[in-house]
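Hello,

Here is the structure I promised to pass on. My notes follow it.

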Amino acid sequence: MLRKGWRPLGLLDKDISWLLFQAIQQGTIQCNFAGVALGDSWISPIDSVLSWGPYLYSMSLLDDQGLAEVSRVAEQVLDAINKRLYKEATELWGKAEMVIEQNTDGVNFYNILTKTSPTSTMKSSLEFTQSHIGQAASVFLNMEGDFMKPVISIVDELLEAGVNVTVYNGQLDLIVDTMGQEAWVRKLEWAELPKFSQLKWKPLHSDPKTSETSAFVKSHKNLAFYWILRAGHMVREGQRLFQICHSSWGWKSHTHWSHKCIGLGGVLGLLMKLCL
């Protein structure tokens, strides 16, 4: 349940960023608001679910029969969402996860190249207790009706308002896979989207001493998309991500980075220097 408890925040960070932007415009909050970063965020749940099967199949983690089984339950999720039965969609989402686990020999939803749950690592690094885990479960149960609702429209509002929006995703993430992220970006109604889509991405290198590519980026006006290579739902190689951010965004230090880049996981990722 801890895993499920993280992603509702991915729904909230867009709402919070929009409310913060409005408060700044109204003068009720003074803040140097640089933009919002959406890292492996749960923006359009159905786009993620529909892409799970094709993504795993392309990575040799599903055979034809497995792909068919995952696709069937994904279509059930889509049908529930189209009927606005969001709580039922959440239950079917859980069913889709189980079907995937059964057909992939227990693939890790946070990094498809491993089978180790990140829970123990997260517990030790964030000092989670049973109380925290219980609270996460309660939060998820109370948000069950909202969990599968898309929030693409809020991203559109931020873009139209001129807010800098940065989307970044880990190549090896399954729960919020890159294919799903690309799908909802294509649904944006932002007037500049055609120009963004026509751009060719650019490679980024975190270590100038090697030719190893760390990421790709595409950027136009106030929208940027980063494809982070060899990363799952959370970037464990923080230094590498910092170097990518430093080279492309001009961040000055790890302290500066910590306020702006909160890893890959749909948690609040407001790109803000410091509220005054």
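Start with helix H9, residues 178–186. Its buried residues (under 20% relative accessible area, 1.4 Å probe, protein chains only) are Thr-178, Gly-180, Gln-181, Ala-183, Trp-184 and Val-185. They pack against three helices' and strands' worth of named partners: H3, helix H8 (152–160), helix H10 (193–198), and strands E1 (31–39), E2 (165–170) and E5 (223–228). Contact here means heavy atoms within 4.5 Å.

A word on the source. This is a predicted model, where local features need pLDDT of at least 70, side-chain atom pairs count only at pLDDT 80 or more, and totals for chains, interfaces and linings use all residues. Residues are numbered from 1 along each chain as its sequence is written, and side-chain values use heavy atoms, without hydrogens and water.

Now the largest nonpolar core (buried Ala, Val, Leu, Ile, Met, Phe, Trp, Tyr and Cys joined through side-chain atoms within 4.5 Å). It has 31 residues. Those touching the most other members are Val-49, Trp-52, Val-77, Trp-93, Ile-100, Met-148 and Leu-174. Helices H3 (45–58), H4 (64–82) and H5 (86–103) each supply at least two residues. H5 gives the most, seven. Domain 1 (8–44 + 150–275) and domain 2 (45–113) both contribute, so this core lies between them. The bounds come from an automatic or database domain assignment.

A second, separate core holds 29 residues, including Val-151, Ile-154, Leu-193 and Trp-227.

Overall, the chain has 12 helices (H or I, at least four residues) and six strands (E, at least two), taken as DSSP runs numbered from the N terminus. Buried residues make up 51% of its 276.

Best wishes

Key:
Buried < 20%, exposed > 50% of the residue type's maximum accessible area, 1.4 Å probe, protein only.
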